[in-house]
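Student: I have a structure to get through and little time. Can we take it as short questions and answers?

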Amino acid sequence: MTDTVAACFHCGEPCPNPVVLTAQIDQQSQPMCCFGCQAIATSIMNAGLTSYYRLRTEPAAPTTGTAQRVVDPKSYDDQRLQIDFVHHTTAGDETTLNLEGMTCSACAWLIESSLQALSGVMTCSVHGATQRLYVTWNPKVLRLSDIITRVSRIGYQASPCPLQHDQQEQQQRARTDQLLWRLGFAGLATMQVMMFAWALYSGYFTSMDATIERYLQWISLLLCTPVAFYCAQPFYISALRALSMRRVNMDVPVSLAILMAYTASCVALWQQHQVVYFESITMFTFFLLLGRWLEGQAQQFAATQISKLRQLIPTMVYVKQPQGFQWQSVKLLQLNDTICVGVGERIQADGVVLSGASTVEESMLTGESTPITKRQGDAVYCGTINIEQPLYVRVTAIGTQQVIAMMLHLQEKACLSKPNMALLAEKVARYFVPSVLIIAACTYGIWSILDPSRAFVAMLSVLIATCPCALALATPTAMTCAMAWLQQRGVVLRNPTVFETLTQLDDVIFDKTGTLTQGQFTIISVQCVAGHSTLQVGQWAHALEQGSHHPLASAFGAYADHNHRVAEHHVRQGQGVEGYIEGVFYQLGSSTWLNQPKSAVNTLYLMQNQQLIAIFALQDQLRDQVKPTLRYLEDAGLAIHLLSGDSEAQVHALAKTLNVSHQRSHQTPVAKLTYLQHLQQLQRKVAVVGDGMNDSPMLAAADVAIAMGSGMALNHTTADVVLTHNAIAELPTLHHIARITQRIIRQNLAWALLYNLSVLPLAVAGWLPPYVAALGMSLSSLLVTINGLRILRFKGV
């Protein structure tokens, strides 16, 4: 008979069998899985917060069993550090803290209730969706460290959020909340006014009493007034800004339509005329705001991805000082500082491991959750998580030079850039809006001659029906969603115009080493020719390769020996390296350069005073999913080219394996560039996929430049696209989503233009009532927005 394993009452994790730890919850002994959960549960009960366990919908986050070092909360009381995350006011100090360990709304209640019991806390509120705590306190009574300590005692971790980023997010949330309030009120008013309008329209055929009719019109005015002057306020502000710059934008006809319809309705009501347009005003405003809100949601999705990256940047670092390791702000870090990264901590800066060995989880950078082993000499990046053992790291980059900062910069820059199709839509809108105003004025003039009673209605319908909102929304929504979706897959766009070019490609050129292959060479054999030892020739080769960024250079790391100095060191692009060691001339390079027999494997020859002394055979592995990727591109009608500086035998062997017919060997960077330019002279659109370093001339000249790499590539490449986790398998996804995005943009533009051109004659002819025009225009804007949001549902290739 199997014994039932008890679950921890606090976190839900299995308890040891038999149960040895318990805590008193509501006068009942409940099982606990570890001392951490027992201490937290006891603290909650001692604080009188017994309702937490009744209100929660999910168990608490389990406490870690690893002895994880945490920042001393007292270090946050340093006034020099608080400049980054505390706002000092006359009423008290304010800050926003990132929270870890929240699982449900009861967690928010628990944190708020616990802090409100602290003397000195003035206000506190927890935002469950963003897992942020906003708190104000009296610094004369309470310290920030006391607040953080109280939060940790009930099982959560709190850390400061940089003030600048927090203020930006708060401003964005405030704008979103304000727009939502306007949208909600406009929606409620629209339902009520439309209900009254239906009664009024029905009353025309059933001889409604004049008093009831007038009463319904006055109620409609009462509901419509805040919609016209509060809900529609953003349109007026935008229109005034445009007019102040002697320009007209789409909000100019919108503002004119709302204000003119409202004024005319008030005059008609005062003069006891039957025709009023209150339902058209409310419906028009509501659907416009709904379109703006949906567009804002798409933009906020992209902003959220950037915000998540920012939250991965630690604020405190454990750095080596003359008196030992101490906590300090990351902003005080200097190059070559030594930092200690504890188990479970995020690495605070880009650097190189000095000592220690551990695994690091780099999903924020690569998109892959599998931890990567890091040893002495390996590069580590800010924001990644140290998993197993402490690491001592020498800082090699700080601030904006770090990889995560580069990723943030690239994403923000891409969001601000506009593709050619978006620029064309804006150009059309610039001419379309003045044309609509002229047509509306002409419509009013002509109908004033033909039938003055219909002049204003026809002009109003023209202004409402032809509002180019859908035209303006056609491109940005789709582009924003596509870039945000790709970022989640580790594809960073530096230039969103590549969406257009990717769909027009004819050829794709691949570099071999570091692109189709992993670029991590290992020496599989060493043949000594002149009686030298393997260790000797290895040390000479390592000395020659010092400072070289070629992938082959890393293979000689096992022979590292800093006793050999190279004089007159010279790198021959695509051929090898040469120099003098202790007065003896050495060369290390390819068979073609050194006139040696060709080999089917990667081979380097070491020459001493023009005499062969060693042959190094090296091995590289194909990247995952290379064959399916090339097969997809060929099926899409693209010609595949393989260019490499390796020997003909090596390149031919790889091309045969991958079934690539267009291949070139012994290609220097200049030769690769010439090959690319030849294809472009044939009026072909060419994409280049390279490692972002030695392929830089070809990448710079390509129609679409795609760089492989995470660290150096982000800093130095001029590529349009960077595959941050080196996954060539994302190329089909990039190509496919580019086609989907372009198709959606064309659909949106076609629909927007078709709609505006089709309803214009109806509005001018007076056949389109204003409320129908408002409904049609609004639904047109909603259609293009929802069509753009479909990209977020894409599952990949």
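Tutor: One definition before we start: two strands pair if DSSP finds at least two bridges between them. Keep in mind that this is a predicted model.

Student: In what order do the strands of the open three-stranded sheet run?

Tutor: The pairing in this open sheet is antiparallel. Its edge strands are β13 (372-374) and β15 (385-386), each pairing on one side only. That leaves the order β13-β12-β15.

Student: Which residue of β15 stands opposite glutamate 361?

Tutor: Strand β12 covers residues 358-361 and is joined to β15 by two bridges. The two strands run antiparallel. Opposite glutamate 361 in β15 stands isoleucine 385.

Student: Step back to the whole protein. What share of its residues count as buried?

Tutor: The protein holds 27 helices and 29 strands. Among contacts with a separation of 6 or more, 66% join residues 24 or more positions apart. Of the 797 residues, the buried share is 50%.

Student: Which helix gives the largest share of the largest nonpolar core?

Tutor: In soluble globular proteins, nonpolar side chains tend to be buried together. Here the largest nonpolar core has 52 residues. Nine of them come from one helix, residues 278-311, and that is α10.

Student: Which residues have the most contacts inside that core?

Tutor: Look at isoleucine 258 beyond its neighbours within four places in sequence. Isoleucine 258 is in contact with Ala228, Ala232, Phe235, Tyr236, Ile281, Phe284 and Thr285. The residues with the most contacts inside the core are Ile258 and Phe284.

Student: How many residues are in the second, separate core?

Tutor: Its members include Cys481, Val651, Val721 and Ile744. This core is separate from the one around Ile258 and Phe284. Its residue count is 47.

Student: Now empty space. What volume does the second largest cavity have?

Tutor: Rolling a probe the size of a water molecule over the atoms shows where empty space is left. The count comes to four cavities of 30 Å³ or more. The second largest cavity holds about 80 Å³.

Student: Which element gives the most residues to the lining of the second largest cavity?

Tutor: Among the lining residues are Leu502, Val508, Ala687, Val689, Leu731, Leu734 and His735. Two elements give two or more residues: β27 (686-690) and α26 (730-764). With three residues, the element that gives the most is α26.

Student: How many charged residues are in that lining?

Tutor: Sort the lining by class. There are 10 nonpolar residues and one polar residue. The number of charged residues is zero: there are no charged residues.

Student: Why is β27 described as largely enclosed by the rest of the structure?

Tutor: Check both faces of β27. Val686, Val688 and Gly690 lie on one side, Ala687 and Val689 on the other, and all are buried. The cut-off for buried is under 20% relative accessible area. So β27 is largely enclosed because its buried count is five of five residues.

Student: Which residue of β28 stands opposite valine 688?

Tutor: β27 pairs with β18 (residues 507-511) in the parallel sense over four bridges, and aspartate 507 stands opposite valine 686. Four bridges also join β27 to β28 (residues 704-708), again parallel. Opposite valine 688 stands alanine 705.

Student: Is serine 220 buried or exposed?

Tutor: Serine 220 lies in helix α7 (residues 210-231). Leaving aside neighbours within four places in sequence, serine 220 is in contact with Val193, Phe196 and Phe278. At 3% relative accessibility, serine 220 counts as buried.

Student: What is the relative accessible area of serine 590?

Tutor: Serine 590 sits in the loop between β22 (584-589) and α20 (591-594). Not counting residues up to four places away in sequence, serine 590 touches Gln575, Leu604 and Tyr605. Serine 590 is buried, with a relative accessible area of 19%.

Student: What class of exposure does asparagine 609 have?

Tutor: Asparagine 609 lies in the loop between β23 (602-608) and β24 (611-619). Its phi is positive, about 50 degrees, although it is not a glycine. At 44% relative accessibility, asparagine 609 counts as partly exposed.

Technical notes
Residues numbered from 1 in each chain as written. Predicted model: local features only at pLDDT ≥ 70, side-chain atom pairs only at ≥ 80, totals over all residues. Heavy atoms only, no water. 1 Å grid on protein atoms, 1.4 Å probe; cavity = no way out; pocket = protein on both sides within 12 Å on 5 of 7 lines; lining within 4 Å. Points joined across faces, edges and corners; volume = space filled by probe spheres on them. Nonpolar A, V, L, I, M, F, W, Y, C, P; charged D, E, K, R; others polar. Core = buried A, V, L, I, M, F, W, Y, C linked by side-chain atoms within 4.5 Å. Buried < 20%, exposed > 50% of the residue type's maximum accessible area, 1.4 Å probe, protein only. Contact = heavy atoms within 4.5 Å.
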